[in-house]
Number of protein chains: 2
Amino acid sequence: MVSGEALGLGPLLLKAENLQRTGSFKPRGAFNAVLQLTADERARGVITLSAGNHGQALALAARSLGIQCLVVAPQTAPQTKLAAMRRFGAEIIQTPSVRLQEAVEGMRLVHPFADERVIAGQGTVGLEILEAVPDLALVVVPVGGAGLISGLALAIKSVKPEVRVVGVEPVGAAVVSESLRAGRPVVLERIETVADGLAAPYATALNLAMVRRFVDEVVCLDDADILDGLRRVVLDARLVVEPAGAASVAAIACGRVKVAGSGSTVAVLTGGNLDASRLAGWLQTKKSPDPTGQGT
Amino acid sequence: MVSGEALGLGPLLLKAENLQRTGSFKPRGAFNAVLQLTADERARGVITLSAGNHGQALALAARSLGIQCLVVAPQTAPQTKLAAMRRFGAEIIQTPSVRLQEAVEGMRLVHPFADERVIAGQGTVGLEILEAVPDLALVVVPVGGAGLISGLALAIKSVKPEVRVVGVEPVGAAVVSESLRAGRPVVLERIETVADGLAAPYATALNLAMVRRFVDEVVCLDDADILDGLRRVVLDARLVVEPAGAASVAAIACGRVKVAGSGSTVAVLTGGNLDASRLAGWLQTKKSPDPTGQGT
């Protein structure tokens with residue numbers, strides 16, 4: 001846990017998962033899933049779909065057990081993340097639309113968020129926060145497909161139900177918010193966000209049920225606010241985060257989520273895998289003026 | 001202590017002082033000095049000379065005790081650092097050449113490196129490394145005026161004399177190396193380095209005596225190697241460091257310092273205070289080819 005004092009956003013702690021192995025929280029779920037495979041499943045290998053961080057984590061987990069790993073990635077996946085997956089030994093198939101079922105048979109799917117073993121692994125983020133922060137009042141968590149927040153909220157609410165858990169997703173990939181509103185999992189026709197780590201194209205019944213039961217609120221942010229959060233985390237807290245990783249701090253910085261009045265607030269920084277040129281560009285972009293004129 | 005595994009430079013730990021209050025190790029020495037002032041000295045206030053990080057730290061320490069703080073800064077000091085000093089309550093005088101003695105009388109000087117209380121405070125970095133790393137073999141430390149390495153090496157050699165301590169300074173501000181060579185403190189006529197945090201214009205007898213007694217070696221790096229180290233720390237270790245802060249990792253990355261064959265190596269990341277536009281520029285600069293053709 002790192003102090004967020006330098007951000008000037010009130011009493012705030014940062015769970016710096018960008019400093020995890022592979023640069024994100026994802027190895028927690030990937031290792032938990034891979035370690036539970038049968039001998040037969042290990043022999044056949046694992047497959048997943050990922051734009052980057054889950055793929056790197058699964059590749060690392062698979063390699064550490066000598067298992068074959070295939071990642072189906074969208075054609076828009078960042079080059080740095082694809083290169084890292086290959087470095088960890090994964091084979092990659094890039095497809096315009098991800099049709100996993102037709103792609104490969106026989107390999108065991110380790111889904112990035114709709115997998116109970118993955119969710120349980122991500123839940124260790126919640127357990128570590130509980131252990132490190134005795135007066136915990138609020139946890140703010142970036143949301144893509146909701147694998148992390150499902151496990152984290154389950155862990156935290158099981159131990160301390162009075163702690164608030166708030167999710168943050170990009171307005172241009174708000175699949176969880178829209179599914180909650182629709183009362184069923186929806187598929188997004190179009191995804192448009194700078195936060196590739198949160199660009200899940202659909203939600204699943206498993207994650208939605210857990211979000212409904214354990215998460216207090218999910219808020220949506222536009223990309224300008226997310227990038228403003230990124231600049232603050234990089235320049236003021238001196239931690240490198242990707243846009244997805246900064247969404248939690250961004251929600252507090254732009255006023256959509258208030259830090260707890262009493263007790264500690266923790267913002268989860270989910271990852272920090274970035275191309276140099278994209279980071280350089282975001283650092284130099286000024287926040288666009290608020291079109292509503294209401295400011296933040 | 002943060003794992004440096006992601007850097008791919010062998011077994012390496014990072015002492016992440018960029019995550020300290022004010023973004024550098026400097027509050028350790030500044031607080032130790034200010035807490036030892038007499039009531040009379042407190043009433044008259046403190047003065048120092050600093051391009052940035054020591055000034056911020058002294059301003060914070062002074063403010064926390066209700067003491068007036070004046071910083072004499074070179075005209076080349078980065079705007080972000082000057083703004084931070086002001087935010088912490090310091091008054092600033094900018095001068096083309098630093099002539100402290102003539103600037104102000106009556107205030108107690110807290111020198112950035114030639115002060116025993118400051119050196120002792122910086123030494124806590126060494127004590128913390130000893131405590132965290134039982135099999136410590138080598139510590140690599142950026143060197144400006146040698147305040148940090150003086151205290152750190154004194155602490156480490158007093159407890160465990162077999163640990164190697166290696167300093168790293170920029171070729172364009174190699175005041176410690178040149179003074180060691182000359183056998184007396186020298187004043188540099190010209191300073192030219194991207195690492196403003198290491199741009200000390202002179203060495204002092206106090207620091208030189210400590211370096212001679214407690215430091216095993218001081219190596220010099222050019223700016224291209226320092227910036228290559230910065231890019232690695234930012235993109236691979238996901239920690240934001242200024243050029244000065246990256247010099248230790250840079251020395252290992254370019255092959256000038258080898259990680260220990262047995263036991264742990266620690267690289268000290270001294271600070272992470274940066275302008276967005278300078279960081280963006282450095283991220284996009286490619287390392288210039290080695291003119292000797294020998295590579296690294």
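The questions and answers below go through parts of chain B and one residue of chain A in a predicted model.

Residues are numbered from 1 along each chain as its sequence is written, and chains are lettered from A in the order in which they are written. Local features need pLDDT of at least 70 and side-chain atom pairs count only at pLDDT 80 or more, while totals for chains, interfaces and linings use all residues, and side-chain values use heavy atoms, with hydrogens and water left out.

User: Which strands stand at the edges of the open sheet in chain B?
Analyst: The sheet has 4 strands in the order β5-β4-β3-β6 with parallel pairing, where strands are DSSP runs of E with at least two residues, numbered from the N terminus, and two strands pair if DSSP finds at least two bridges between them. Each edge strand has a single partner, so one side of each is left without a neighbour in the sheet, and these strands are β5 (91-95) and β6 (108-109) of chain B.

User: In β6(B), which residue is the bridge partner of Ile47(B)?
Analyst: Strand β3 (residues 46-49) of chain B runs parallel to β6(B), and 2 bridges join them. In β6(B), the partner of Ile47(B) is Leu109(B).

User: Is Val140(A) buried or exposed, and what is its relative accessible area?
Analyst: Val140(A) belongs to strand β7 (residues 136-142) of chain A, and among the residues that Val140(A) touches (heavy atoms within 4.5 Å) are Val166(A), Ser248(A) and Ile252(A). Buried means under 20% relative accessible area, exposed over 50% and partly exposed in between, with a 1.4 Å probe and protein chains only. Val140(A) is therefore buried, with a relative accessible area of 0%.

Methods. Lists of a residue's contacts leave out its neighbours within four places in sequence.
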